[in-house]
Amino acid sequence: MKVSVIGAGNVGATCAEVMANRQIASQVVLLDIAEGLAEGKAMDIMQCAPNSKFDTVVKGSTNDYSTTANSDVVVITSGIPRKPGMTREELIGTNAGIVKSVIENTLKYSPNAIFVIVTNPLDTMALAALKISGLAKNRVIGMGGALDSSRFKYFLSQKLNKPILEIEGMVIGGHGDTTMLPLINLASYKGVPVTDLLTSEEQEEIIKSTMVGGATLTKYLGTSAWYGPGAAVANLVDSILYDRKKMIPCSVLLEGEYGHQDLFIGVPCIIGKNGLEEIVELKLNASEQEKFNSSVEAIKETNKELTNILG
């Protein structure tokens with residue numbers, strides 16, 4: 001099984017390293033436009049193999065898309081962050097152009113690939129990927145909710161002082177500080193609702209910490225996080241390649257689910273060999289549905305810029 005990761009920055013390289021260490025794919029290709037960057041990072045990862053005991057082959061390439069041929073999954077991390085003075089339209093225009101180039105080039109060599117989108121603004125870029133590619137909706141998946149849910153579980157585990165692997169929790173809605181919706185009412189520790197274990201104040205603190213989780217890391221690191229995002233992508237790819245049917249919150253196209261359509265937003269999904277195999281519709285309470293609706297409206301506003309660009 002083969003996976004190509006387009007963009008050899010921190011997130012892309014970490015994703016490749018996690019997939020190699022877990023032997024998720026037999027071959028991983030890292031591709032970047034920067035001369036030598038992907039080759040260097042691929043070589044560095046491969047030199048871990050004797051000590052980490054994996055036999056996944058990781059190769060790097062500078063803008064040679066023929067190296068991605070016959071990929072089962074293509075992960076797109078390419079893009080630029082919003083810079084001082086840059087308008088939202090400029091950011092979306094630039095990143096949509098990058099996504100367009102990547103998709104057109106990879107589809108030439110891997111016409112059956114499933115695409116995992118990481119480029120921000122994620123929900124809008126996933127929609128762009130679908131529009132540009134003309135693919136069926138099951139083959140374009142945004143990673144956002146998988147990462148946000150991991151952060152939610154982390155903050156729950158810290159507050160509860162319990163093992164993170166024994167905690168269940170998910171985040172739906174948009175992949176943004178003001179648009180995500182941590183579902184505290186559905187979170188649990190070994191089957192026990194966390195709402196029975198935490199005060200209202202503690203619950204609210206966890207929700208707020210989760211929503212600014214990315215911004216908090218950026219403040220500490222001086223740049224966006226990469227370990228968590230890379231691992232989240234690798235876990236999503238694993239569920240696709242091995243048809244694990246995991247329920248993972250992902251940004252996918254709604255066609256009436258949750259009362260909305262024609263946009264990508266984070267919802268619980270069953271992920272298997274066909275990519276998106278099912279959207280799981282949760283019974284949201286009135287407050288949760290209201291917040292979800294607000295998230296939808298915010299994403300629609302961002303998507304308007306995409307419509308101006310792509311038509």
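Is Thr210 buried or exposed? Keep that in mind while you load the chain; this is a predicted model.

**Whole chain**

Start with everything selected. The protein has 311 residues and a radius of gyration of 19 Å, which agrees with the value near 19 Å for a compact globule of that length. Turn the C-alpha trace along its principal axes: the spans are about 55 × 50 × 40 Å.

Switch to cartoon. You will find 10 helices and 14 strands. Now think about how the chain folds back on itself. Among contacts with a separation of 6 or more, 69% join residues 24 or more positions apart.

**Surface and charge**

Turn on the accessible surface. The total is about 13,900 Å², and carbon and sulfur atoms hold 50% of that area. Of the 311 residues, 50% count as buried.

Next, colour by charge. There are 28 positive and 34 negative charges. Place a marker at the mean position of each set: the two markers sit 3 Å apart.

**Down to one residue**

Select residues 200-211. This is helix 7, and Thr210 lies in it. Now the opening question can be settled. Thr210 is buried, because its relative accessible area is 1%, and buried means under 20%.

Which residues touch Thr210, leaving aside neighbours within four places in sequence? Select Asp148, Arg151, Phe152 and Phe155, then add Val171, Met180 and Pro182; each is in contact with Thr210. Show these side chains as sticks and hide the rest. Leave Thr210 at the centre of the view, with helix 7 as cartoon.

Methods: Residues are numbered from 1 along each chain as its sequence is written. This is a predicted model: local features need pLDDT of at least 70, side-chain atom pairs count only at pLDDT 80 or more; totals for chains, interfaces and linings use all residues. Side-chain values use heavy atoms; hydrogens and water are left out. Helices (H or I, at least four residues) and strands (E, at least two) are DSSP runs, numbered from the N terminus. The radius of gyration is taken over C-alpha atoms; the globule rule is 2.2 Å times the number of residues to the power 0.38. Buried means under 20% relative accessible area, exposed over 50%, partly exposed in between (1.4 Å probe, protein chains only). Contact means heavy atoms within 4.5 Å. Accessible areas come from the Shrake-Rupley method with a 1.4 Å probe; for residues, only the protein chains shown count as cover. Lys and Arg count as positive and Asp and Glu as negative; His and the chain ends are not counted. The place of a charge is taken as NZ of Lys, CZ of Arg, CG of Asp or CD of Glu.
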